[in-house]
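Reader: I've got a chain on my screen and a pile of labels to go with it. Can you walk me through what earns each label?

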Amino acid sequence: MEDSVEYSAQAQPDVPLNRLVTYRIARLHAKLNSQATRILKENGKLTLMQWRVLVIVNATEDATHSKIATKTQIDGGQISRCVKSMIAADLLSAEVHPTDHRQVNLRMTPKSTAMFQQALPAMRKRQSYFGKALPKEQHDVLITAFDTLDAMTELSVFPD
């Protein structure tokens, strides 16, 4: 779709598509995912979903499927499928929780640790670049805007 295409919903007649917040976020999200996928493929041979899982497992002592899903805001079914394939590929090990046998604690393996460490410098450099791309004032405004939009996702009724 062209950026100049007009959105003709009754609520916002003739609003250019590139001025719609949800459209711009979705487009940016897709582009960021594509970029991260390329970087991870070149540095560590991980998929984006595997990277996201490993980031949480690496930072969380008692990582579980549900903690990963909660922290990443990714569907639990997707996380479960990814974790299952990562266990099969020897990228994660699973231990049944000592007291709650319904929970499985996930740990990185030497193989995933090596892959993670190989990808980490490139992903940190990317994050640093994004951090430096905006002046501090714009960065702060952006973070505040994200917080506002995040809170708005809880709404299902929108007053006039």
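**What earns each label**

Author: Sure. Keep in mind that this is a predicted model. Taken along the sequence, the protein chain runs β-β-α-α-α-α-β-β-α-α, and the tally is 6 helices and 4 strands.

Reader: What makes the contact between Asp62 and Lys67 a salt bridge?

Author: The rule asks for a side-chain nitrogen of Lys or Arg within 4 Å of a carboxyl oxygen of Asp or Glu. Asp62 and Lys67 sit at 2.7 Å, N to O, so the pair passes the 4 Å cut-off. As background, side chains of opposite charge can pair when their charged atoms come close.

Reader: And how do you know that Asp140 and Lys136 form a salt bridge?

Author: Same kind of check. Their N to O distance is 2.6 Å, and the limit is 4 Å, so the label holds. Both residues belong to helix H6 (residues 136–152), where they are 4 residues apart, about one turn of the helix. By this rule the count is 2 salt bridges.

Reader: Why is Lys136 called exposed, while Asp140 is called partly exposed?

Author: Exposed starts over 50% relative accessible area, and buried means under 20%. Lys136 has 57%, so it is exposed. Asp140 has 34%, which falls in between, so it is partly exposed.

Reader: Which label do Asp62 and Lys67 get?

Author: Partly exposed, for both. Asp62 has a relative accessible area of 36% and Lys67 has 30%; each value lies between the 20% and 50% cut-offs.

Reader: Why does Asn33 count as buried?

Author: Its relative accessibility is 18%, and the buried label needs a value under 20%. Asn33 lies in helix H1. Leaving out neighbours within four places in sequence, Asn33 is in contact with Leu48 and Arg52.

Reader: What makes you say that Asn33 is in contact with Leu48 and Arg52?

Author: Contact means heavy atoms within 4.5 Å. Leu48 and Arg52 are the residues listed for Asn33 under that rule.

Reader: How do you know that Ile39 is buried?

Author: Ile39 has a relative accessible area of 18%, so the under 20% condition is met. Ile39 is also found in helix H1. Setting aside residues up to four places away in sequence, Ile39 touches Ala122, Met123 and Arg126. Ile39 and Arg126 are 87 residues apart in sequence, yet 9.0 Å apart in space, C-alpha to C-alpha.

Reader: How much of the protein chain is buried?

Author: Buried residues come to 26% of the 160 residues. As for contacts with a separation of 6 or more, 44% of them are between residues 24 or more positions apart.

Reader: What is unusual enough about Lys45 to mention its phi?

Author: Lys45 has a positive phi, about 60°, although it is not a glycine. Lys45 sits in the loop between H1 and H2. At 58% relative accessibility Lys45 is exposed, because the cut-off is over 50%.

Reader: Where is Gln73, and why is Gln73 called exposed?

Author: Gln73 is in the loop between H3 and helix H4 (76–88). Its relative accessibility is 68%, so it clears the 50% cut-off. Gln73 has a positive phi of about 60° too, and it is not a glycine.

Reader: What lines the largest pocket?

Author: There are 37 lining residues, and Ile25, Leu28, His29, Leu32 and Phe146 lie nearest the centre of the pocket. The volume of the largest pocket is about 2000 Å³. Helix H1 (21–42), helix H2 (48–59), helix H3 (65–72), helix H5 (110–133) and H6 each supply at least two residues of the lining. H1 gives the most, with 11 residues. By residue class, the lining splits into 21 nonpolar, 9 polar and 7 charged.

Reader: How does the radius of gyration of the protein chain compare with that of a compact globule?

Author: A compact globule of 160 residues would have a radius of gyration near 15 Å, but the protein chain has 19 Å. Along its principal axes, the C-alpha trace spans about 55 × 35 × 30 Å.

Definitions and conventions: Residues numbered from 1 in each chain as written. Predicted model: local features only at pLDDT ≥ 70, side-chain atom pairs only at ≥ 80, totals over all residues. Heavy atoms only, no water. Buried < 20%, exposed > 50% of the residue type's maximum accessible area, 1.4 Å probe, protein only. 1 Å grid on protein atoms, 1.4 Å probe; cavity = no way out; pocket = protein on both sides within 12 Å on 5 of 7 lines; lining within 4 Å. Points joined across faces, edges and corners; volume = space filled by probe spheres on them. Nonpolar A, V, L, I, M, F, W, Y, C, P; charged D, E, K, R; others polar. Rg over C-alpha atoms; globule rule 2.2 N^0.38 Å.
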